[in-house]
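Here is a briefing on one protein model. Look at the sequence and the structure first, then read on.

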Amino acid sequence: MREATTAPLIWARLRNGALDSGVQAASGHSPAATVYGTEDRFLVYSYTKTILACAALRLAGRGSLGLEDPLSRWIPDAPHAERIRIRHILAHTSGLPDYGGLAEYHAAVRSGEVPWTREEYFTRTQADRLLFPPGAGWAYSNLGYRLVREVVDAASGKGIDDFLREEFFAPLGLAATAWVNDDDGLAGLAFGPSAYLGGDAAPRQVAGHYAVGWVAHGVVASTVSEAARFHAALLSGQLLAPDLLHEMMALRVVAEPMAGRPFGKPGYGLGLMGDAVEPPGPFGHTGGGPGASVAVYGRPGPQPLVAAVFTPGELTGPAENLAFELVATAS
């Protein structure tokens with residue numbers, strides 16, 4: 001596994017069908033001592049949600065599932081399975097809680113404990129108590145996206161790794177992009193020393209101190225150039241019918257503007273984040289976790305303008321800002 005001692009921002013941009021790329025230092029950080037490039041593989045963390053949503057909508061386009069299906073059709077033992085619809089878990093409007101605010105979750109991750117089981121995730125977050133009635137509010141939920149993955153498994157009759165490879169990665173020629181099934185898959189990935197894992201002590205290396213099971217919905221690894229290519233295929237309409245892509249990009253304003261981040265009106269659709277200004281966009285998703293941050297955003301069209309930024313550091317704001325800048329300056 002590659003470890004960074006600085007915080008380079010590795011970027012790739014697709015415009016008019018052509019790829020350009022580069023590496024630059026994040027503001028306030030020294031230039032990278034090691035040259036990173038568009039072929040270094042990273043965990044994309046929550047950009048995986050966009051990929052999972054795309055998978056669910058691909059199945060919806062075939063009639064294999066319906067966005068208004070109750071979870072009980074596919075996952076009868078899910079919390080509130082009769083009340084929650086697939087649309088709700090895709091849009092974070094299910095009312096399911098999350099573990100991001102739990103001190104016990106972060107303590108367990110930092111101490112190297114074995115990841116919680118499916119049942120423990122639901123029990124420890126008290127998923128039997130919804131934050132609000134399904135559809136009546138918005139709250140980011142990694143647990144909801146764990147259920148998206150389970151729905152894709154059930155409706156496709158395949159494991160998520162096989163489905164994503166056969167439906168998306170192989171047809172698009174994304175040889176470096178894959179579902180990470182276990183901790184052995186961390187070998188060879190790019191990470192920076194993790195201040196998060198170090199807690200009050202010195203930053204720690206990710207290898208040997210982190211388990212991918214702590215991402216409840218699972219995670220994909222990719223290169224910055226392949227992430228840009230996947231996102232361009234999505235925003236060009238290559239992966240989904242126009243009505244389903246439109247549903248993905250129908251943003252609901254979900255927060256106030258946040259310091260250090262580029263959103264004027266932070267919005268969320270079905271597996272896509274975006275700026276809900278007028279006109280809306282760019283559309284994409286941010287991801288971050290121990291030792292890496294990613295931001296993949298773009299504007300739709302027959303030849304979409306897309307920027308992907310990866311960094312071997314815990315710097316989601318700088319990654320987002322550069323992705324937005326790359327899209328804006330090239331438009």
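His-80 sits in the loop between α1 and α2 (86–91). This is a predicted model. In it, His-80 has a positive phi of about 55°, although it is not a glycine. The points below cover backbone geometry, one helix and its packing, a loop residue, and the empty spaces.

**Unusual backbone geometry**

- Most residues other than glycine have a negative phi, and most peptide bonds are trans.
- His-80 counts as partly exposed because its relative accessibility is 24%, and the class runs from 20% to 50%.
- Gln-126 is another residue other than glycine with a positive phi, near 55°.
- The place of Gln-126 is the loop between α4 (118–124) and α5.
- Gln-126 has a relative accessible area of 41%, so it is partly exposed.
- The peptide bond from Glu-278 to Pro-279 is cis, and its omega is near -5°.
- Pro-279 belongs to the loop between β10 (273–275) and β11.
- A cis peptide bond also runs from Gly-281 to Pro-282, with omega near 5°.
- Pro-282, too, is in the loop between β10 and β11.

**Helix α1 and its partner α5**

- Helix α1 spans residues 47–61, and α5 covers residues 142–156.
- The two helices pack at an angle of about 40°.
- Their axes are 10 Å apart.
- The crossing of α1 past α5 is left-handed.
- On the α1 side, the contact is made by Lys-49, Leu-52, Ala-53, Ala-55, Ala-56 and Leu-59.
- On the α5 side, the partners are Asn-142, Tyr-145, Val-148, Arg-149, Val-152, Ala-155 and Ser-156.
- By class, the residues of this contact are 9 nonpolar, 2 polar and 2 charged.

**Thr-50: buried or exposed?**

- Thr-50 is part of helix α1.
- Its relative accessible area is 0%, so Thr-50 is buried; the cut-off is under 20%.
- Beyond its neighbours within four places in sequence, Thr-50 touches Leu-234, Met-248, Gly-271, Leu-272, Gly-284 and His-285.

**Val-254 in its loop**

- Val-254 lies in the loop between β8 (252–253) and β9.
- With 24% relative accessibility, Val-254 is classed as partly exposed.
- Val-254 and Pro-266 are 12 residues apart in sequence. In space, their C-alpha atoms are 6.0 Å apart.
- Pro-266 is also one of the contacts of Val-254 outside its neighbours within four places in sequence. The others are Trp-138, Gly-267 and Tyr-268.

**The cavity**

- Rolling a probe the size of a water molecule over the atoms shows where empty space is left.
- How many cavities of 30 Å³ or more does a search of the whole structure find? The search finds 1.
- The largest cavity holds about 40 Å³ of space.
- Its lining consists of Val-44, Tyr-47, Ile-51, Leu-174, Thr-177, Ser-222, Glu-226, Ala-227 and Phe-230.
- Both α1 and α8 (224–235) supply at least two residues of this lining.
- Helix α8 gives the most, with 3 residues.
- By class, the cavity lining has 6 nonpolar, 2 polar and 1 charged residues.

**The largest pocket**

- The volume of the largest pocket is about 830 Å³.
- The lining of the largest pocket has 37 residues. Those nearest its centre are Ser-46, Tyr-140, Asn-142, Gly-287 and Gly-288.
- Two or more lining residues come from each of α3 (103–110), β9 (266–268), β11 (283–289) and β12 (292–299).
- Strand β11 has the largest share, 5 residues.
- By class, the lining of the largest pocket has 20 nonpolar, 13 polar and 4 charged residues.
- Asn-142 is thus listed for this lining and for the α5 side of the helix contact.

**The second largest pocket**

- About 190 Å³ of space lies in this pocket.
- The second largest pocket is lined by 14 residues. Arg-149, Val-212, Gly-213, Val-215 and Gly-218 lie nearest its centre.
- By class, the lining of the second largest pocket has 9 nonpolar, 3 polar and 2 charged residues.
- Arg-149 lines the second largest pocket and also meets α1 from α5.

Methods. Residues numbered from 1 in each chain as written. Predicted model: local features only at pLDDT ≥ 70, side-chain atom pairs only at ≥ 80, totals over all residues. Heavy atoms only, no water. 1 Å grid on protein atoms, 1.4 Å probe; cavity = no way out; pocket = protein on both sides within 12 Å on 5 of 7 lines; lining within 4 Å. Points joined across faces, edges and corners; volume = space filled by probe spheres on them. Helix = DSSP H or I, 4+ residues; strand = E, 2+ residues; numbered from the N terminus. Nonpolar A, V, L, I, M, F, W, Y, C, P; charged D, E, K, R; others polar. Buried < 20%, exposed > 50% of the residue type's maximum accessible area, 1.4 Å probe, protein only. Contact = heavy atoms within 4.5 Å. Axes fitted to C-alpha atoms, helices over the stretch in contact; angles between N-to-C directions. Left-handed = near helix turned anticlockwise from the far one by under 90°.
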